[in-house]
Amino acid sequence: MQSASQLHLHFFGQHWLIQQKWRRMYAGECQGPGARTDFEMVHLRKVPSQYNHLSGLLDIFKSKIGCILSPLPPVNIAIRFTYILQDWQQYSWPQQPPDFDTILGGEVGGVEFGKLPFGACEEPISELHLATTWPHLTEGIVVDNDVYSDLDPLQAPHWSVRVRTAENPQCLLGDFLTEFFKLCCRKESTEEILGRGLAEEEGKENSDISSALSKLTEPTATVPISKLSVSNMVHSARKHIQRHRQIDRESPLNTDILNSVLLYLFPDAAVEKSSENSRNKTAQSNACGKAEQNQNSDHNLFLQLKSAPCDSLTYRLALCVCLVNYNHGGLRAVAHLWQEFVLELRYRWENNYLIYGLAGGPPDLRCCLLHQKLQMLNCCIERKRARDEARKVLEGSNERECRVFGGCQNTRPVPESLTATITASTSTREVSPGKSWDSWSDSEDEFFECLSDQGEIEAPQTEGEKDDSKSKAEGRLHPYNDMTLLNSNEPLYVPVTQEPAPMTEDLLEEQSEVLAKLGTSAEGTHLRARMQSACLLSDMESFKAANPGCVLEDFVRWYSPRDYVEENVVDERGNTVVKGDLSARMKIPGNMWGEAWETARVIPARRQRRLFDDTKEAEKVLHYLAVQKPADVTRHLLPCILHAAILKLKEEESVEDIPSVKKNIQQATCQASKLLQPPNHDYKKLEDFINQLMAMETVITQVRSLKSKFAICEGEKREDTEELEQFVSTLLEEPEAVVIGAGQGPAGSIIHGLFVNAQRAALLAPLEEDLGRDRKLTGGSNKVPDFPSPAGREIVLRTCVPRPAPYSKALPQRLFCVLMREEFRLAGAFSSDTSFF
């Protein structure tokens with residue numbers, strides 16, 4: 001069916017806008033060879049009672065064409081009635097907003113707390129428009145007057161439906177993301193947000209690293225892990241803050257909620273086990289989480305987005321910050337949570353408790369910077385624990401020997417598993433960039449403990465062989481590929497070496513800038529080489545300690561075999577022998593390796609200065625975290641929250657199976673991987689990206705709403721389920737969806753039921769005058785009609801008659817009628833013969 005404006009634009013050769021513009025009234029004519037068509041319109045506010053039906057409109061049409069032929073040629077009629085359903089009644093939107101207070105008030109599980117909410121809080125489909133059409137009727141077949149009407153919607157041969165969606169429905173995921181993103185643009189510091197009274201104690205303790213280092217020298221009582229809980233797994237500064245808090249000022253974050261959040265972030269704090277069991281469980285949970293991550297089909301998504309693994313502390317922190325910001329106090333609550341989070345990390349560092357939910361090893365540079373910082377802190381805790389445990393074992397060993405021999409011996413071997421936590425064996429490897437020689441720690445723990453080497457292999461002595469050299473060998477792991485030293489027949493041993501210092505991406509960038517500023521001069525190049533050779537120097541010293549009498553060639557054969565070139569030569573006796581020598585780059589005058597070898601002392605790894613000062617690095621991380629503003633925190637966590645949002649959309653889409661949304665999610669993932677790459681984020685594009693995610697959530701909720709209306713239940717298959725699913729999909733993708741089978745088909749029957757239920761709910765006790773047209777449509781019955789009065793009626797009348805004289809050529813005549821509650825519009829095209837008139 002064409003609207004009035006479409007009709008005129010299709011027919012007009014020349015037309016003019018008349019009356020007021022809002023009335024959309026046109027008049028004009030079209031001249032052609034032997035014919036002229038006049039275009040006329042009528043527009044009224046109210047529908048005249050005598051023309052409120054087909055019979056009256058036929059009278060207007062016939063009088064206008066003024067044909068005197070008898071009988072009059074038949075008039076072709078097309079009718080379309082539109083019914084609007086607004087009251088969904090018991091089919092209302094089924095989803096209710098989650099009750100966060102209930103979730104946080106009781107036991108909090110990872111499932112409830114670790115997921116973003118999803119779905120609309122209101123009905124996303126506001127109206128359903130049903131168009132019932134009779135496309136081909138002729139006068140006399142159908143009756144429609146002020147007394148009776150044959151136009152029953154259920155008998156219409158053609159049904160079509162369109163839906164009107166709610167404008168910007170409130171969707172939970174979209175609201176959470178929007179409010180979280182707003183925090184990224186805030187400027188306030190934690191002190192400004194919480195007030196000086198709340199932040200002054202933490203500010204004093206974290207003002208610089210030196211104060212934190214001095215604090216470590218104070219004696220502290222060891223707290224057994226069996227007594228740990230969420231309430232006491234925080235730093236003593238919390239008590240100081242509470243004492244300085246004003247009486248009339250409430251805590252930004254409710255204590256119960258805060259404890260629930262901390263318990264979710266650090267679930268190991270609630271486990272009442274022995275110290276050893278608890279530590280083992282933390283390590284097992286980290287390893288288990290990594291295994292589950294590898295099994296997850298979406299586990300690589302965090303690499304694309306530079307986020308963090310789904311089972312990590314950083315990912316869970318992002319979810320908690322998002323929840324707290326939206327539902328429990330906004331910016332002030334986020335600042336409070338972050339403050340408590342940093343206090344918890346400091347407590348764990350000072351008491352040697354590993355941070356739950358972080359994979360072991362050095363920082364993963366593929367993840368976001370905050371995740372790297374937390375991993376760095378965990379590395380520091382691991383190193384500190386290993387050193388403390390080694391000291392305890394040594395002290396225990398010395399005490400036993402003092403009791404047995406009456407004196408203390410420092411050379412008793414310690415268990416192999418213990419020393420393995422301090423050092424790691426290294427097979428064939430290239431030079432790894434280390435820290436500057438001047439950057440080593442000046443603290444009292446800058447050297448490893450003077451322990452005997454783990455697993456040192458004592459080669460059997462032959463008769464007459466002096467064991468002076470063997471007594472000097474220290475820090476051996478195992479022989480290396482049956483090789484012997486070049487200057488003797490002694491086996492070449494792999495030494496115990498220090499692990500290279502782990503680094504986060506910002507430290508690497510800082511180091512690169514420092515090295516770049518040294519320039520290309522000879523002095524700058526030499527200094528750069530020294531700064532990068534700290535790890536090499538340490539390994540050389542360990543190698544010398546493990547292989548007395550070795551030379552640089554021996555070290556190169558183990559450390560960088562490709563720099564030791566072997567070839568077959570013929571000796572003086574004519575025998576073919578293998579001869580080796582250093583590569584060309586190793587023979588360059590002033591070579592860094594040669595200089596380092598000359599300056600390297602014979603010192604095993606356990607007595608060397610530490611390459612990685614865990615105390616200093618841990619305090620740097622804690623200071624970095626403490627000075628972060630809430631806006632900085634949310635910017636760090638933004639990749640994680642968008643990562644979680646995409647996973648949530650994937651999960652919800654997989655339930656509904658919407659091809660268009662699935663394609664959009666794939667495109668959004670590729671877009672996000674570009675937007676979230678550091679260093680600078682384009683916040684305008686990120687805002688547009690979040691709007692895209694919100695649009696996808698809205699589509700999913702719309703599909704879910706329509707499926708609930710059309711009784712498409714998950715896991716329940718009926719004969720017509722596939723047809724209904726296709727209908728729902730078409731309903732959202734196309735402007736108008738055809739109802740197969742009209743009122744008798746599966747979808748038509750459900751639509752009929754929706755209207756019936758809405759009518760019964762709205763007209764349980766209708767007034768007599770309100771029945772008016774409804775009673776007429778049902779033949780005067782007092783029962784509630786199945787359908788309301790049509791919101792709009794469109795009727796097209798067509799015929800061909802000779803005008804203006806009976807002998808004129810028969811030309812097409814047309815009248816388009818629109819009857820609405822507050823509008824009556826007629827648009828006619830009447831043709832006349834200009835040759836025979």
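User: How many helices and strands does the protein have?

Analyst: Happy to start there. This is a predicted model, and the protein in it has 29 helices and 15 strands. Of its 837 residues, 49% count as buried.

User: What share of the contacts with a separation of 6 or more comes from residues 24 or more positions apart?

Analyst: Such residues account for 75% of those contacts.

User: Let's turn to a single helix. Which residues of α22 are buried?

Analyst: First, the general idea: an α-helix has 3.6 residues a turn, so residues three or four places apart point the same way. Now the case here. In α22, residues 592-599, the buried ones are Trp-593, Ala-596 and Trp-597. Looking down the axis of α22, you find its buried residues within an arc of 100 degrees, so they line one face of the helix.

User: What covers the buried residues of α22?

Analyst: The cover includes α20 (534-546) and α21 (552-559). While you are at α22, look at its start too: a side-chain oxygen of Asn-591 comes to within 2.8 Å of the backbone nitrogen of Trp-593.

User: Now salt bridges, please. Where in the chain are Glu-619 and Arg-346, and are they buried or exposed?

Analyst: The general idea is that side chains of opposite charge can pair when their charged atoms come close. Here, the side chains of Glu-619 and Arg-346 form a salt bridge with an N to O distance of 3.0 Å. This pair links distant parts of the chain, with Glu-619 in helix α23 (residues 614-626) and Arg-346 in helix α14 (residues 330-350), 273 residues apart. Both residues are buried.

User: What about Lys-64 and Glu-40?

Analyst: Their side chains also meet in a salt bridge, 2.8 Å from N to O. Lys-64 sits in helix α2 (residues 54-65) and Glu-40 in strand β3 (residues 35-44), 24 residues apart. Lys-64 is partly exposed at 35% relative accessibility, and Glu-40 is partly exposed at 34%.

User: How far apart are Asp-688 and Lys-684 in helix α26?

Analyst: They are 4 residues apart in α26 (residues 683-709), so about one helical turn separates them. Their closest N and O atoms are 3.8 Å apart in a salt bridge. Asp-688 is partly exposed at 33%, whereas Lys-684 is exposed at 53%.

User: Last one: which residues make the nonpolar surface patch of about 270 Å²?

Analyst: Val-143, Val-147 and Tyr-148 make that patch. Tyr-148 lies in the loop between β5 (125-138) and β6 (158-165), and its relative accessible area of 41% makes it partly exposed.

Terms used: Residues numbered from 1 in each chain as written. Predicted model: local features only at pLDDT ≥ 70, side-chain atom pairs only at ≥ 80, totals over all residues. Heavy atoms only, no water. Patch = residues over 30% accessible without salt bridge, like charges linked within 9 Å, V, L, I, M, F, W, Y side chains within 5 Å. Areas by Shrake-Rupley, 256 points an atom, 1.4 Å probe, with all protein chains shown as cover. Salt bridge = Lys/Arg side-chain N within 4 Å of Asp/Glu carboxyl O. Helix = DSSP H or I, 4+ residues; strand = E, 2+ residues; numbered from the N terminus. Buried < 20%, exposed > 50% of the residue type's maximum accessible area, 1.4 Å probe, protein only. Arc of directions from axis to C-beta. Contact = heavy atoms within 4.5 Å. Polar contact = N/O pair within 3.5 Å; in protein donor to acceptor, adjacent residues only side chain to side chain.
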